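Me: I am new to this structure. Please show me how to read it, one feature at a time.

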Amino acid sequence: MERQAAYLRNALFDQGYLDEQFLQLEDLQDEANPHFVEEVVKLFYTDSVRLIQSIELTLKNTPWDFEKLDNIMHQFKGSSSSIGAKKVKKECSQFQEYCNVGNVEGCIREFQEVKQEHAALKRKLENYFQLAREAR
């Protein structure tokens with residue numbers, strides 16, 4: 001079970017889902033707080049739901065407020081970066097580039113990519129954390 005958890009964890013790095021920031025979070029985890037990383041990731045997902053909803057609402061309103069969209073996505077990118085969500089962060093940056101040039105079609109398309117990477121990472125991390133708990 002431990003080997004499976006380690007394999008899953010390594011795959012998240014090998015497939016580009018996570019970066020070194022996740023390792024730094026793991027370094028902060030200790031016997032006094034053995035679920036620290038999982039708790040931080042749960043907080044990220046709770047907060048990101050709010051940010052996704054804000055972006056969805058802003059995209060529904062015309063004229064489009066690209067500055068507001070960029071600001072919300074900036075928060076989302078920062079949160080993603082804080083847990084080491086490499087692919088999510090990359091898609092957030094691409095969304096911001098579309099905001100900077102006022103490309104609403106690009107924003108809408110890229111927002112779907114952000115949500116897709118966000119959901120994929122959530123599933124993968126949930127599987128990893130479950131295996132890691134069972135291995136203890």
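Reply: Start with one helix. This is a predicted model. In helix 4, the buried residues are L69, D70, I72, M73, F76, S79, S80 and I83.

Me: What covers the buried residues of helix 4?

Reply: Look for other elements in contact with them. The cover includes helix 2 (20–28), helix 3 (36–60), helix 5 (86–100) and helix 6 (104–135).

Me: How many residues does helix 4 have, and how far does it reach?

Reply: Compare the end-to-end span with the expected one. Helix 4 runs over residues 66–83, which is 18 residues. From first C-alpha to last it reaches 26 Å, close to the 26 Å expected at 1.5 Å a residue.

Me: Which residue follows helix 4?

Reply: G84 does, and its phi is positive, near 85°.

Me: Let me take one residue of helix 4. Why does S80 count as buried?

Reply: Check its relative accessibility against the cut-off. Buried means under 20%. S80 is at 0%, so it counts as buried. S80 lies in helix 4.

Me: With which residues is S80 in contact, leaving aside neighbours within four places in sequence?

Reply: Five names to find in the viewer. S80 touches F44, A85, V88, K89 and C92.

Me: F44 is a phenylalanine, so let me turn to rings. How is a pair of aromatic rings described?

Reply: Two values do it: the distance of the centres and the angle of the planes. A search of the whole structure finds five aromatic pairs. Take F44 and Y45 as one case. Their ring centres are 4.8 Å apart and their planes stand at 75°, so this pair is edge-to-face. Both F44 and Y45 are buried.

Me: What about Y128 and F129?

Reply: Read the same two values. Y128 and F129 have 5.4 Å from centre to centre and 45° between the planes, which makes a tilted pair. Y128 counts as buried because its relative accessibility is 10%. F129 is at 9%, so F129 counts as buried too.

Me: Which residues do ring pairs link into a cluster?

Reply: F44, Y45 and F76. F76 is also among the buried residues of helix 4.

Me: Now to packing. At what angle do helix 2 and helix 3 pack?

Reply: Take the angle and the distance between the axes. For helix 2 and helix 3, the angle is about 130° and the axes are 8 Å apart. The two helices are therefore oblique to each other.

Me: Which residues meet there?

Reply: Helix 2 brings F22, L25, E26 and L28. Helix 3 brings F36, V37, V40 and V41. By class, this contact has seven nonpolar residues, no polar ones and one charged.

Me: Where is the cis peptide bond?

Reply: Read omega. The cis bond joins T62 and P63, with omega about 0°. P63 sits in the loop between helix 3 and helix 4.

Me: Now step back. How many helices and strands does the protein chain have?

Reply: Six helices and zero strands. Along the sequence the pattern is α-α-α-α-α-α.

Me: What box do the C-alpha atoms fill?

Reply: Roughly 55 × 25 × 20 Å, taken along the principal axes. The protein chain has 136 residues, and 40% of them count as buried.

Me: What share of contacts joins residues 24 or more positions apart?

Reply: Count contacts with a separation of 6 or more. Of these, 66% come from residues 24 or more positions apart.

Terms used
Residues are numbered from 1 along each chain as its sequence is written. This is a predicted model: local features need pLDDT of at least 70, side-chain atom pairs count only at pLDDT 80 or more; totals for chains, interfaces and linings use all residues. Side-chain values use heavy atoms; hydrogens and water are left out. Helices (H or I, at least four residues) and strands (E, at least two) are DSSP runs, numbered from the N terminus. The expected span of a helix is 1.5 Å times one less than its number of residues. Buried means under 20% relative accessible area, exposed over 50%, partly exposed in between (1.4 Å probe, protein chains only). Contact means heavy atoms within 4.5 Å. Axes are lines fitted to C-alpha atoms, for helices over the stretch in contact, and angles run from 0 to 180 degrees between N-to-C directions. Angles under 35 degrees count as roughly parallel, over 145 as roughly antiparallel, 65 to 115 as roughly perpendicular and the rest as oblique. Ala, Val, Leu, Ile, Met, Phe, Trp, Tyr, Cys and Pro count as nonpolar, Asp, Glu, Lys and Arg as charged, and the others, Gly among them, as polar. Rings of Phe, Tyr and Trp (its six-membered ring) pair if their centres lie within 6.5 Å; planes under 30 degrees apart count as stacked, over 60 as edge-to-face and the rest as tilted.
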